[in-house]
Amino acid sequence: MLRRISIFGVTGSIGQSTVDLIKRDLQSFDVVALSGGRNIAQLAQDARDLKAEIAVTAFEEYLPELTAALAGSGIEPAAGSTALLEAADRPTDWVMSAIVGLAGFEPGLRALRHGGTLALANKESLVSAGALLRAEALRYGATILPVDSEHSAIFQALMGEDISAVERVIITASGGAFRDWPLEDLAGASLSQASSHPNWDMGQRITIDSASMFNKAMEVIEAKELFDFSPDQIEVLIHPQSIIHAMVGFNDGGLMAHVGPADMRHAIGFALHWPDRKALPVERLDFARIGQFEFRDPCDQRYPALRLARDVMDSGGLMGAGFTAAKDAALDAFISGRCGFMDMAGIVENVLSMLSRNNEHKMGELTLENIRVTDQLAQKYAADVISAHAP
Ligand code: NAD
Ligand code: MG
(Lines give C-alpha, C1' and ligand atoms only; values in the text may rest on other atoms or scores of the structure.)
(Ligands and ions follow the chains in the order given, each with its own letter.)
Protein backbone atom coordinates (compact mmCIF):
# COMPACT_ATOMS: atom_id res chain seq x y z
CA MET A 1 0.00 0.00 0.00
CA LEU A 2 1.23 3.50 -0.82
CA ARG A 3 2.24 5.53 2.20
CA ARG A 4 0.71 8.98 2.41
CA ILE A 5 3.41 11.46 3.35
CA SER A 6 3.89 15.20 3.82
CA ILE A 7 7.06 17.27 4.13
CA PHE A 8 6.98 20.56 6.00
CA GLY A 9 10.01 22.74 5.32
CA VAL A 10 10.69 20.93 2.04
CA THR A 11 12.87 23.70 0.60
CA GLY A 12 15.41 23.62 3.46
CA SER A 13 18.48 21.49 3.92
CA ILE A 14 16.66 18.60 5.67
CA GLY A 15 13.68 18.97 3.32
CA GLN A 16 15.86 18.66 0.23
CA SER A 17 17.65 15.58 1.57
CA THR A 18 14.21 14.06 2.23
CA VAL A 19 13.14 14.83 -1.34
CA ASP A 20 16.31 13.17 -2.61
CA LEU A 21 15.39 9.92 -0.83
CA ILE A 22 11.70 10.01 -1.77
CA LYS A 23 12.50 10.57 -5.45
CA ARG A 24 14.51 7.36 -5.57
CA ASP A 25 11.47 5.36 -4.42
CA LEU A 26 8.56 7.46 -5.68
CA GLN A 27 6.31 4.52 -6.47
CA SER A 28 6.09 3.72 -2.72
CA PHE A 29 4.65 7.09 -1.73
CA ASP A 30 1.57 9.17 -2.20
CA VAL A 31 2.73 12.72 -1.49
CA VAL A 32 0.08 14.85 0.18
CA ALA A 33 1.45 18.26 1.24
CA LEU A 34 4.73 20.11 0.80
CA SER A 35 5.49 23.40 2.50
CA GLY A 36 8.15 26.03 2.00
CA GLY A 37 8.86 29.68 2.58
CA ARG A 38 10.13 32.19 0.05
CA ASN A 39 11.87 29.85 -2.39
CA ILE A 40 8.81 29.38 -4.59
CA ALA A 41 10.67 27.97 -7.60
CA GLN A 42 12.06 25.12 -5.45
CA LEU A 43 8.72 24.46 -3.76
CA ALA A 44 6.90 24.26 -7.10
CA GLN A 45 9.60 22.06 -8.61
CA ASP A 46 9.44 19.62 -5.70
CA ALA A 47 5.64 19.58 -5.80
CA ARG A 48 5.75 18.69 -9.50
CA ASP A 49 8.52 16.11 -9.10
CA LEU A 50 6.76 14.39 -6.19
CA LYS A 51 3.25 14.89 -7.59
CA ALA A 52 1.98 16.47 -4.39
CA GLU A 53 -1.69 17.21 -3.76
CA ILE A 54 -1.01 20.65 -2.30
CA ALA A 55 1.96 23.03 -2.01
CA VAL A 56 1.91 25.70 0.68
CA THR A 57 4.12 28.72 1.17
CA ALA A 58 4.08 30.04 4.72
CA PHE A 59 3.92 33.62 3.44
CA GLU A 60 0.67 34.94 1.95
CA GLU A 61 2.32 37.48 -0.34
CA TYR A 62 3.86 34.63 -2.36
CA LEU A 63 0.54 33.07 -3.37
CA PRO A 64 0.41 34.66 -6.86
CA GLU A 65 3.96 33.48 -7.62
CA LEU A 66 3.20 29.96 -6.39
CA THR A 67 -0.08 29.84 -8.30
CA ALA A 68 1.73 30.81 -11.49
CA ALA A 69 4.53 28.32 -10.89
CA LEU A 70 2.02 25.47 -10.44
CA ALA A 71 -0.22 26.41 -13.39
CA GLY A 72 -1.37 23.40 -15.37
CA SER A 73 0.01 20.88 -12.87
CA GLY A 74 -3.25 20.16 -11.04
CA ILE A 75 -1.43 20.80 -7.74
CA GLU A 76 -3.32 23.04 -5.34
CA PRO A 77 -1.42 26.20 -4.34
CA ALA A 78 -1.97 27.68 -0.86
CA ALA A 79 -0.37 30.30 1.37
CA GLY A 80 -0.25 31.54 4.94
CA SER A 81 -0.08 30.00 8.39
CA THR A 82 -3.73 28.84 8.44
CA ALA A 83 -3.28 27.10 5.08
CA LEU A 84 -0.17 25.42 6.47
CA LEU A 85 -2.11 24.04 9.44
CA GLU A 86 -4.94 22.89 7.18
CA ALA A 87 -2.39 21.07 5.05
CA ALA A 88 -1.06 19.41 8.22
CA ASP A 89 -4.61 18.28 9.01
CA ARG A 90 -4.75 16.21 5.81
CA PRO A 91 -4.44 12.54 6.83
CA THR A 92 -0.99 11.01 6.43
CA ASP A 93 1.01 7.99 7.52
CA TRP A 94 4.36 9.80 7.72
CA VAL A 95 5.32 13.44 8.09
CA MET A 96 8.70 15.17 7.98
CA SER A 97 8.74 18.18 10.32
CA ALA A 98 11.65 20.24 8.98
CA ILE A 99 10.53 23.84 9.30
CA VAL A 100 13.08 25.81 11.26
CA GLY A 101 12.07 27.51 14.53
CA LEU A 102 8.86 27.60 16.51
CA ALA A 103 6.86 27.99 13.26
CA GLY A 104 7.40 24.24 12.87
CA PHE A 105 5.76 23.35 16.15
CA GLU A 106 2.06 23.44 15.35
CA PRO A 107 2.20 21.65 11.97
CA GLY A 108 4.09 18.84 13.74
CA LEU A 109 1.64 18.78 16.64
CA ARG A 110 -1.30 18.54 14.21
CA ALA A 111 0.38 15.81 12.18
CA LEU A 112 0.61 13.63 15.31
CA ARG A 113 -3.19 13.49 15.40
CA HIS A 114 -3.23 11.18 12.38
CA GLY A 115 -1.62 8.52 14.55
CA GLY A 116 1.21 7.83 12.09
CA THR A 117 4.91 8.65 12.27
CA LEU A 118 6.33 12.11 12.84
CA ALA A 119 9.92 12.36 11.65
CA LEU A 120 10.98 15.28 13.80
CA ALA A 121 13.90 17.43 12.67
CA ASN A 122 12.47 20.61 14.17
CA LYS A 123 14.40 20.50 17.44
CA GLU A 124 13.01 23.84 18.59
CA SER A 125 9.61 22.25 19.18
CA LEU A 126 11.14 19.48 21.31
CA VAL A 127 13.19 21.92 23.36
CA SER A 128 10.21 24.23 23.87
CA ALA A 129 7.49 21.67 24.37
CA GLY A 130 8.77 18.10 24.30
CA ALA A 131 6.30 16.94 26.96
CA LEU A 132 3.39 18.33 24.99
CA LEU A 133 4.46 16.53 21.81
CA ARG A 134 4.95 13.27 23.64
CA ALA A 135 1.56 13.52 25.34
CA GLU A 136 -0.10 14.19 21.99
CA ALA A 137 1.71 11.23 20.40
CA LEU A 138 0.55 8.98 23.21
CA ARG A 139 -3.01 10.23 22.93
CA TYR A 140 -3.26 9.54 19.21
CA GLY A 141 -1.04 6.45 19.04
CA ALA A 142 1.55 8.26 16.92
CA THR A 143 5.31 7.65 16.88
CA ILE A 144 7.92 10.39 17.06
CA LEU A 145 11.20 9.47 15.37
CA PRO A 146 14.16 11.79 15.82
CA VAL A 147 15.80 13.29 12.75
CA ASP A 148 18.94 14.60 14.33
CA SER A 149 22.02 12.47 13.84
CA GLU A 150 22.73 12.13 17.57
CA HIS A 151 19.16 11.30 18.56
CA SER A 152 18.65 8.91 15.69
CA ALA A 153 21.87 7.28 16.92
CA ILE A 154 20.54 7.02 20.48
CA PHE A 155 17.24 5.63 19.20
CA GLN A 156 19.08 2.99 17.19
CA ALA A 157 21.42 2.10 20.07
CA LEU A 158 18.38 1.59 22.30
CA MET A 159 16.56 -0.77 19.96
CA GLY A 160 15.81 -4.01 21.75
CA GLU A 161 17.26 -2.68 25.02
CA ASP A 162 15.66 -2.15 28.40
CA ILE A 163 15.70 1.61 28.97
CA SER A 164 15.90 1.12 32.73
CA ALA A 165 19.34 -0.45 32.20
CA VAL A 166 20.68 2.77 30.67
CA GLU A 167 23.23 4.49 32.85
CA ARG A 168 24.32 7.30 30.59
CA VAL A 169 24.16 8.73 27.15
CA ILE A 170 27.06 10.39 25.39
CA ILE A 171 26.22 12.86 22.66
CA THR A 172 29.16 13.67 20.46
CA ALA A 173 29.96 17.09 19.03
CA SER A 174 32.41 18.01 16.32
CA GLY A 175 33.39 21.09 18.31
CA GLY A 176 32.47 23.30 15.36
CA ALA A 177 34.52 25.80 13.40
CA PHE A 178 36.50 27.13 16.37
CA ARG A 179 37.36 24.03 18.33
CA ASP A 180 41.09 24.58 17.82
CA TRP A 181 41.16 28.38 18.04
CA PRO A 182 42.91 30.04 20.98
CA LEU A 183 40.20 31.06 23.48
CA GLU A 184 41.17 34.73 23.37
CA ASP A 185 40.50 34.90 19.59
CA LEU A 186 36.88 33.71 19.83
CA ALA A 187 35.44 37.11 20.75
CA GLY A 188 36.65 38.43 17.38
CA ALA A 189 35.31 35.54 15.28
CA SER A 190 33.57 36.82 12.14
CA LEU A 191 30.30 35.74 10.59
CA SER A 192 31.95 34.03 7.65
CA GLN A 193 34.38 32.19 9.93
CA ALA A 194 31.48 30.95 12.08
CA SER A 195 29.50 29.88 9.03
CA SER A 196 31.76 27.11 7.80
CA HIS A 197 31.55 23.68 9.40
CA PRO A 198 34.49 21.25 9.43
CA ASN A 199 32.36 18.11 8.79
CA TRP A 200 28.68 18.75 8.10
CA ASP A 201 27.11 20.62 5.23
CA MET A 202 24.13 22.41 6.80
CA GLY A 203 22.26 25.71 6.76
CA GLN A 204 24.04 28.85 8.06
CA ARG A 205 22.11 29.12 11.34
CA ILE A 206 22.76 25.58 12.51
CA THR A 207 26.40 25.86 11.40
CA ILE A 208 26.92 28.92 13.64
CA ASP A 209 25.03 27.11 16.41
CA SER A 210 27.55 24.29 16.02
CA ALA A 211 30.49 26.67 16.44
CA SER A 212 28.95 28.13 19.62
CA MET A 213 27.55 24.73 20.68
CA PHE A 214 24.12 26.23 21.12
CA ASN A 215 23.13 23.43 18.77
CA LYS A 216 24.58 20.86 21.18
CA ALA A 217 22.90 22.64 24.10
CA MET A 218 19.58 22.27 22.27
CA GLU A 219 20.39 18.63 21.59
CA VAL A 220 21.07 17.84 25.25
CA ILE A 221 17.59 19.14 26.09
CA GLU A 222 16.19 17.35 23.04
CA ALA A 223 17.63 14.04 24.35
CA LYS A 224 16.09 14.60 27.75
CA GLU A 225 12.70 15.35 26.20
CA LEU A 226 12.70 12.52 23.67
CA PHE A 227 13.93 9.69 25.87
CA ASP A 228 13.10 10.92 29.37
CA PHE A 229 16.70 10.75 30.57
CA SER A 230 17.64 12.74 33.64
CA PRO A 231 19.95 15.67 32.90
CA ASP A 232 22.86 14.10 34.78
CA GLN A 233 22.71 11.02 32.54
CA ILE A 234 23.52 13.09 29.46
CA GLU A 235 27.14 13.84 28.60
CA VAL A 236 28.66 15.80 25.73
CA LEU A 237 31.96 14.67 24.22
CA ILE A 238 33.95 16.36 21.48
CA HIS A 239 34.72 13.95 18.67
CA PRO A 240 36.25 15.90 15.78
CA GLN A 241 35.71 13.16 13.17
CA SER A 242 31.87 13.15 13.57
CA ILE A 243 31.74 9.42 12.89
CA ILE A 244 30.35 8.24 16.23
CA HIS A 245 27.10 10.16 16.64
CA ALA A 246 26.15 8.98 20.12
CA MET A 247 26.85 6.23 22.62
CA VAL A 248 24.52 4.67 25.14
CA GLY A 249 26.14 3.24 28.28
CA PHE A 250 24.39 0.44 30.19
CA ASN A 251 24.54 -0.71 33.81
CA ASP A 252 26.85 -3.60 32.92
CA GLY A 253 29.53 -1.17 31.73
CA GLY A 254 28.97 -1.91 28.03
CA LEU A 255 28.20 0.82 25.52
CA MET A 256 26.43 0.78 22.19
CA ALA A 257 27.88 3.34 19.80
CA HIS A 258 26.21 4.38 16.61
CA VAL A 259 28.77 4.90 13.87
CA GLY A 260 28.04 6.32 10.44
CA PRO A 261 28.92 8.89 7.80
CA ALA A 262 28.17 12.58 8.43
CA ASP A 263 25.18 12.60 6.10
CA MET A 264 21.71 13.54 7.32
CA ARG A 265 20.19 11.19 4.76
CA HIS A 266 21.05 8.34 7.13
CA ALA A 267 18.86 9.70 9.96
CA ILE A 268 16.17 10.80 7.50
CA GLY A 269 16.18 7.47 5.66
CA PHE A 270 16.13 5.53 8.92
CA ALA A 271 13.01 7.47 9.98
CA LEU A 272 11.47 7.07 6.54
CA HIS A 273 11.77 3.29 6.43
CA TRP A 274 11.47 2.42 10.14
CA PRO A 275 10.76 -0.23 11.39
CA ASP A 276 12.53 -1.67 8.33
CA ARG A 277 16.02 -0.84 7.18
CA LYS A 278 16.47 -0.13 3.51
CA ALA A 279 19.56 0.60 1.42
CA LEU A 280 20.53 4.27 1.52
CA PRO A 281 22.79 6.20 -0.86
CA VAL A 282 25.29 7.28 1.80
CA GLU A 283 29.04 6.77 1.91
CA ARG A 284 30.33 3.46 3.27
CA LEU A 285 32.99 4.19 5.87
CA ASP A 286 36.59 3.15 5.31
CA PHE A 287 38.02 2.89 8.83
CA ALA A 288 41.60 2.32 7.75
CA ARG A 289 41.47 5.63 5.90
CA ILE A 290 39.82 7.43 8.85
CA GLY A 291 42.70 6.09 10.95
CA GLN A 292 41.70 7.25 14.37
CA PHE A 293 38.91 8.51 16.56
CA GLU A 294 39.71 11.38 18.88
CA PHE A 295 37.79 12.53 21.93
CA ARG A 296 38.04 15.51 24.29
CA ASP A 297 35.95 17.13 26.96
CA PRO A 298 34.21 20.34 25.93
CA CYS A 299 35.64 23.28 27.82
CA ASP A 300 33.10 25.43 29.71
CA GLN A 301 34.78 28.69 28.78
CA ARG A 302 34.78 27.90 25.08
CA TYR A 303 31.21 26.57 25.08
CA PRO A 304 29.16 28.41 27.74
CA ALA A 305 25.96 27.31 25.95
CA LEU A 306 26.32 23.82 27.46
CA ARG A 307 26.08 25.22 30.98
CA LEU A 308 23.00 27.19 29.99
CA ALA A 309 21.32 23.98 28.79
CA ARG A 310 21.81 22.56 32.30
CA ASP A 311 20.17 25.67 33.78
CA VAL A 312 17.23 25.32 31.40
CA MET A 313 16.70 21.67 32.35
CA ASP A 314 16.94 22.53 36.06
CA SER A 315 14.38 25.32 35.66
CA GLY A 316 11.93 23.23 33.64
CA GLY A 317 8.46 24.56 32.84
CA LEU A 318 8.48 26.99 29.96
CA MET A 319 12.19 27.77 30.16
CA GLY A 320 12.92 25.67 27.06
CA ALA A 321 10.67 27.99 25.05
CA GLY A 322 12.46 31.02 26.52
CA PHE A 323 15.84 29.48 25.74
CA THR A 324 14.92 28.73 22.12
CA ALA A 325 13.65 32.28 21.55
CA ALA A 326 16.63 33.89 23.29
CA LYS A 327 19.08 31.74 21.36
CA ASP A 328 17.48 32.67 18.04
CA ALA A 329 17.45 36.37 18.94
CA ALA A 330 21.13 36.26 19.95
CA LEU A 331 21.95 34.42 16.71
CA ASP A 332 20.09 37.06 14.68
CA ALA A 333 22.07 39.74 16.52
CA PHE A 334 25.35 38.03 15.66
CA ILE A 335 24.37 37.51 12.01
CA SER A 336 23.38 41.16 11.66
CA GLY A 337 26.53 42.43 13.36
CA ARG A 338 24.83 43.68 16.54
CA CYS A 339 26.86 41.48 18.86
CA GLY A 340 30.06 39.48 18.84
CA PHE A 341 30.35 35.70 18.70
CA MET A 342 31.02 35.25 22.40
CA ASP A 343 28.29 37.75 23.39
CA MET A 344 25.54 35.35 22.34
CA ALA A 345 25.80 33.24 25.49
CA GLY A 346 25.72 36.34 27.71
CA ILE A 347 22.56 37.57 25.98
CA VAL A 348 20.83 34.21 26.44
CA GLU A 349 21.94 33.98 30.07
CA ASN A 350 20.52 37.44 30.76
CA VAL A 351 17.17 36.52 29.21
CA LEU A 352 16.99 33.30 31.23
CA SER A 353 17.63 35.19 34.45
CA MET A 354 15.02 37.84 33.54
CA LEU A 355 12.47 35.05 33.02
CA SER A 356 13.34 33.30 36.25
CA ARG A 357 13.44 36.51 38.31
CA ASN A 358 9.66 36.79 38.04
CA ASN A 359 9.11 33.04 37.79
CA GLU A 360 7.68 33.67 34.34
CA HIS A 361 8.81 30.29 33.11
CA LYS A 362 6.44 28.80 35.70
CA MET A 363 3.49 31.01 34.82
CA GLY A 364 1.32 28.13 33.69
CA GLU A 365 1.03 24.75 32.05
CA LEU A 366 2.99 23.76 28.98
CA THR A 367 0.35 24.75 26.44
CA LEU A 368 0.63 26.15 22.95
CA GLU A 369 -0.65 29.50 24.18
CA ASN A 370 1.81 29.73 27.08
CA ILE A 371 4.68 28.69 24.83
CA ARG A 372 3.80 31.56 22.49
CA VAL A 373 3.60 34.02 25.40
CA THR A 374 7.00 32.89 26.70
CA ASP A 375 8.46 33.06 23.21
CA GLN A 376 7.29 36.67 22.84
CA LEU A 377 8.46 37.63 26.31
CA ALA A 378 11.91 36.13 25.74
CA GLN A 379 12.15 37.90 22.37
CA LYS A 380 11.30 41.20 24.05
CA TYR A 381 13.85 40.67 26.83
CA ALA A 382 16.45 39.67 24.26
CA ALA A 383 15.77 42.81 22.22
CA ASP A 384 16.25 44.90 25.40
CA VAL A 385 19.49 43.14 26.30
CA ILE A 386 20.82 43.41 22.74
CA SER A 387 20.02 47.09 22.37
CA ALA A 388 21.59 47.85 25.77
CA HIS A 389 24.65 45.96 24.58
CA ALA A 390 24.89 47.32 21.00
CA PRO A 391 27.87 49.60 20.33
P1 NAD B 1 16.69 25.48 6.60
O2 NAD B 1 16.80 26.87 7.06
O3 NAD B 1 17.59 24.97 5.55
O4 NAD B 1 15.17 25.22 6.10
C5 NAD B 1 14.08 25.63 6.86
C6 NAD B 1 12.75 25.37 6.18
O7 NAD B 1 11.72 26.02 6.95
C8 NAD B 1 12.64 25.96 4.76
O9 NAD B 1 11.81 25.13 3.99
C10 NAD B 1 11.93 27.29 5.01
O11 NAD B 1 11.22 27.75 3.88
C12 NAD B 1 10.99 26.93 6.13
N13 NAD B 1 10.61 28.09 6.93
C14 NAD B 1 11.44 29.05 7.42
N15 NAD B 1 10.72 29.94 8.14
C16 NAD B 1 9.43 29.51 8.12
C17 NAD B 1 8.22 30.01 8.71
N18 NAD B 1 8.19 31.12 9.45
N19 NAD B 1 7.09 29.32 8.49
C20 NAD B 1 7.08 28.19 7.75
N21 NAD B 1 8.20 27.69 7.16
C22 NAD B 1 9.36 28.33 7.36
O23 NAD B 1 16.79 24.58 7.91
P24 NAD B 1 17.35 23.09 8.05
O25 NAD B 1 18.81 23.14 8.24
O26 NAD B 1 16.77 22.20 7.01
O27 NAD B 1 16.74 22.69 9.47
C28 NAD B 1 15.37 22.39 9.66
C29 NAD B 1 15.18 21.90 11.09
O30 NAD B 1 15.93 20.70 11.25
C31 NAD B 1 15.72 22.87 12.15
O32 NAD B 1 14.89 22.80 13.27
C33 NAD B 1 17.10 22.32 12.46
O34 NAD B 1 17.53 22.62 13.77
C35 NAD B 1 16.86 20.83 12.31
N36 NAD B 1 18.06 20.05 11.99
C37 NAD B 1 18.80 20.35 10.89
C38 NAD B 1 19.92 19.60 10.59
C39 NAD B 1 20.74 19.87 9.33
O40 NAD B 1 21.66 19.12 9.06
N41 NAD B 1 20.44 20.88 8.54
C42 NAD B 1 20.32 18.56 11.43
C43 NAD B 1 19.53 18.28 12.55
C44 NAD B 1 18.40 19.03 12.82
MG1 MG C 1 22.59 17.06 15.50
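**Figure 1. Backbone contacts of Gly37, Ile14 and Ala121 with ligand 1 in the predicted model**. A backbone N or O atom of Gly37 is placed 2.9 Å from an oxygen atom of ligand 1, and for a backbone N or O atom of Ile14 the distance to an oxygen atom of ligand 1 is likewise given as 2.9 Å. Ala121 also takes part through its backbone, with an N or O atom 3.3 Å from an oxygen atom of ligand 1. Taken alone, ligand 1 would expose 830 Å², of which the protein buries 82%.

**Figure 2. The shell of residues around ligand 1**. There are 23 residues around ligand 1, and those that come nearest are Thr11, Ser13, Ile14, Gly37 and Glu124. Sorted by class, this shell consists of 13 nonpolar, seven polar and three charged residues. Helix H1 (13-23) contributes at least two residues to the shell, and helix H6 (123-140) likewise contributes at least two.

**Figure 3. Coordination of the magnesium ion (ligand 2) by three acidic side chains**. The donors to the magnesium ion are the OD of Asp148, the OE of Glu150 and the OE of Glu219, at distances of 2.1 to 2.2 Å. Along the sequence these donor residues follow the spacing D-x1-E-x68-E. The pair Asp148 and Glu219 links distant parts of the chain, 71 residues apart, since Asp148 belongs to the loop between strand E7 (143-146) and helix H7 (149-157), while Glu219 belongs to helix H10 (residues 214-227). Both Asp148 and Glu219 are buried.

**Figure 4. Leu26 in the loop that follows helix H1**. Leu26 is found in the loop between H1 and strand E2 (29-36). Is Leu26 buried or partly exposed? With a relative accessibility of 24%, Leu26 counts as partly exposed, because the buried class is reserved for values under 20% and the exposed class for values over 50%. Although Leu26 and Leu2 are 24 residues apart along the chain, their C-alpha atoms are separated by 9.7 Å.

**Figure 5. The protein chain as a whole, as context for the close-up views**. The secondary structure of the predicted chain comes to 16 helices and eleven strands. Its radius of gyration is 21 Å, close to the 21 Å that the globule rule gives for 391 residues, so the chain is as compact as a globular protein of that length. Taken along the principal axes, the C-alpha atoms fill a box of roughly 60 × 50 × 40 Å, and 55% of the 391 residues count as buried.

Terms used
Residues are numbered from 1 along each chain as its sequence is written. Chains are lettered from A and ligands numbered from 1 in the order in which they are written. This is a predicted model: local features need pLDDT of at least 70, side-chain atom pairs count only at pLDDT 80 or more; totals for chains, interfaces and linings use all residues. Side-chain values use heavy atoms; hydrogens and water are left out. Donors are N, O and S atoms within 2.8 Å of the metal (3.2 Å for Na, K and Ca); water is not among the atoms, so sites may look incomplete. Helices (H or I, at least four residues) and strands (E, at least two) are DSSP runs, numbered from the N terminus. Buried means under 20% relative accessible area, exposed over 50%, partly exposed in between (1.4 Å probe, protein chains only). A residue is near a molecule or strand if one of its heavy atoms lies within 4 Å of it. A polar contact is a pair of N or O atoms within 3.5 Å; within protein, one must be able to donate a hydrogen and the other to accept it, and residues adjacent in sequence count only if both atoms are side-chain atoms. Accessible areas come from the Shrake-Rupley method with a 1.4 Å probe; for residues, only the protein chains shown count as cover. Ala, Val, Leu, Ile, Met, Phe, Trp, Tyr, Cys and Pro count as nonpolar, Asp, Glu, Lys and Arg as charged, and the others, Gly among them, as polar. The radius of gyration is taken over C-alpha atoms; the globule rule is 2.2 Å times the number of residues to the power 0.38.
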